[in-house]
Amino acid sequence: LFHAMGRSGAMSGALQDVLRAAFPVGTDQLTAGSAVALPGFGQALPAELPDRLASGGCFVLGDGRPVRLLSAMSRGHGIVWAQFDTSQPSQLREVRGLDPGLGLIAVELAGLRPEIVLTGEQAEQTWSAVQAAGRRALAHQLVGAVERMLELAVQHALDRVQFGRQVGSFQAVRHRLADAFVAKEAAAAAVELSWCSDDEVLAAMLAKSLAGRAAKIAATQCQQVLAGIGFTAEHPFHRYLKRVSVLDRFLGSATELPALIGARLIELGALPRLVEL
């Protein structure tokens, strides 16, 4: 489904279904009707949790304008899950920005009183599971979008004629498309194999990181092949470029995740098996 969403440029509420499904068995009543918050770009968690929040914000992706919100938050040296009533319209703001079709909602948490619903080890494990599930889903979506970006560039290279030859016959153009294809295939393999790894958290980080990297490479190389037409509103390439640029930033970007992957490897003190060779 997420691969198809990436290819078509569509959005749905499926991401929220995936995030809610990562909660422990027996918390159905807790998650029913609630949207799971995503931290802002570059943030590990939305806010530090006192009795009443003085500042902080988060995003809801793929679930319209929620009435209740579930958010992992830091408290002391640990993590807790808090539930918020977001029924007041003033707390919700539609983010149109670079990609208006994303349906992104920003939630202002200042002034809200949280209701603590999960604490301790269960809260920590739930946050790890939610991040892994979200990263895997977004990685599938990024790979689908990259696949379509590459198809658009290849088709243009076959259709466009210069100096009496197809643009795609020039070696420099082929090299650009080959770079994007190799990055896409590496990301697709990492995403597919993240489902059967011994370390789900690490594998999901790696999959999301490589998918974001593939998106950056495809954005650069495919745009060069498409040249001026790739910037126009009439050509569909710009929609995929905007979509991957935003999706890459959620739950760790291709720039941020390598450091987190390295920190986890240091924490483990070993290289876990990511796939059965």
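**Notes on the predicted model: one sheet, two helix pairs, two odd loop residues**

1. Let's start in the sheet: Phe 59 has Ala 106 of E7 as its bridge partner. Keep in mind throughout that this is a predicted model. The pair belongs to the match between strand E3 (residues 57-61) and E7, which run antiparallel and are joined by 5 bridges.

2. Now the other neighbour of E7. Strand E7 (residues 104-108) is linked to E6 by 4 bridges, and these two run antiparallel as well. If you want to check the register by eye, look for Val 95 facing Leu 104 of E7 as its bridge partner, and for Glu 94 paired with Ile 105 of E7.

3. Put together, the strands form an open sheet of 4, in the order E2-E3-E7-E6, with antiparallel pairing. The edges are strand E2 (38-39) and strand E6 (92-95); each has a single partner strand, so one side of each has no neighbour in the sheet. As a reminder, strands in a sheet pair through backbone hydrogen bonds, in either a parallel or an antiparallel way.

4. How much of E7 is buried? The count is 4 of its 5 residues, so the rest of the structure largely encloses this strand.

5. On to the helices. Helix H4 (residues 120-159) packs with H7 at an angle of about 155 degrees, and their axes are 10 Å apart. Since anything over 145 degrees counts as roughly antiparallel, that is the label for H4 against H7. The crossing of the two is left-handed.

6. Who makes the H4-H7 contact? From H4 come Leu 138, Gln 141, Leu 142, Ala 145, Arg 148, Met 149 and Leu 152, and they meet Phe 237, Tyr 240, Leu 241, Arg 243, Val 244 and Leu 247 in H7. Sorted by class, the contact of H4 with H7 holds 10 nonpolar, 1 polar and 2 charged residues.

7. Phe 237 deserves a closer look. This residue lies in helix H7 (residues 237-247). Is Phe 237 buried or exposed? With 0% relative accessibility, Phe 237 counts as buried. Setting aside residues up to four places away in sequence, Phe 237 touches Met 149, Leu 152, Ala 218, Ala 219, Cys 222, Gln 223, Leu 226 and Gly 230. For a sense of scale, Phe 237 and Gly 212 sit 25 residues apart in sequence, and their C-alpha atoms are 17 Å apart in space.

8. His 238 also has its place in helix H7. Its relative accessible area is 18%, and the cut-off for buried is under 20%, so His 238 counts as buried. Beyond its neighbours within four places in sequence, His 238 is in contact with Gly 230, Thr 232 and Ala 233. Gly 230 also turns up among the residues touched by Phe 237.

9. The other helix pair is helix H6 (residues 200-226) with helix H8 (residues 257-268): their axes come within 9 Å and cross at roughly 160 degrees. That makes H6 roughly antiparallel to H8. H6 passes H8 in a left-handed crossing.

10. On the H6 side, the contact uses Val 201, Leu 202, Met 205, Leu 206, Lys 208 and Ser 209, while H8 brings Leu 257, Pro 258, Leu 260, Ile 261, Arg 264 and Leu 265. The residues of this H6-H8 contact split into 9 nonpolar, 1 polar and 2 charged.

11. Two backbone points to flag. In general, most residues other than glycine have a negative phi. Phe 163 has a positive phi of about 55 degrees although it is not a glycine. Where is Phe 163 found? Look in the loop between strand E9 (161-162) and strand E10 (165-166). Phe 163 is exposed, with a relative accessible area of 78%.

12. The second is Leu 251, whose phi is near 60 degrees, again a positive value in a residue other than glycine. Leu 251 is found in the loop between H7 and H8. As for its surroundings, Leu 251 counts as buried at 9% relative accessibility, whereas Phe 163 is exposed.

Conventions. Residues numbered from 1 in each chain as written. Predicted model: local features only at pLDDT ≥ 70, side-chain atom pairs only at ≥ 80, totals over all residues. Heavy atoms only, no water. Axes fitted to C-alpha atoms, helices over the stretch in contact; angles between N-to-C directions. Parallel < 35°, antiparallel > 145°, perpendicular 65-115°, else oblique. Left-handed = near helix turned anticlockwise from the far one by under 90°. Contact = heavy atoms within 4.5 Å. Nonpolar A, V, L, I, M, F, W, Y, C, P; charged D, E, K, R; others polar. Pairing = 2+ DSSP bridges. Buried < 20%, exposed > 50% of the residue type's maximum accessible area, 1.4 Å probe, protein only.
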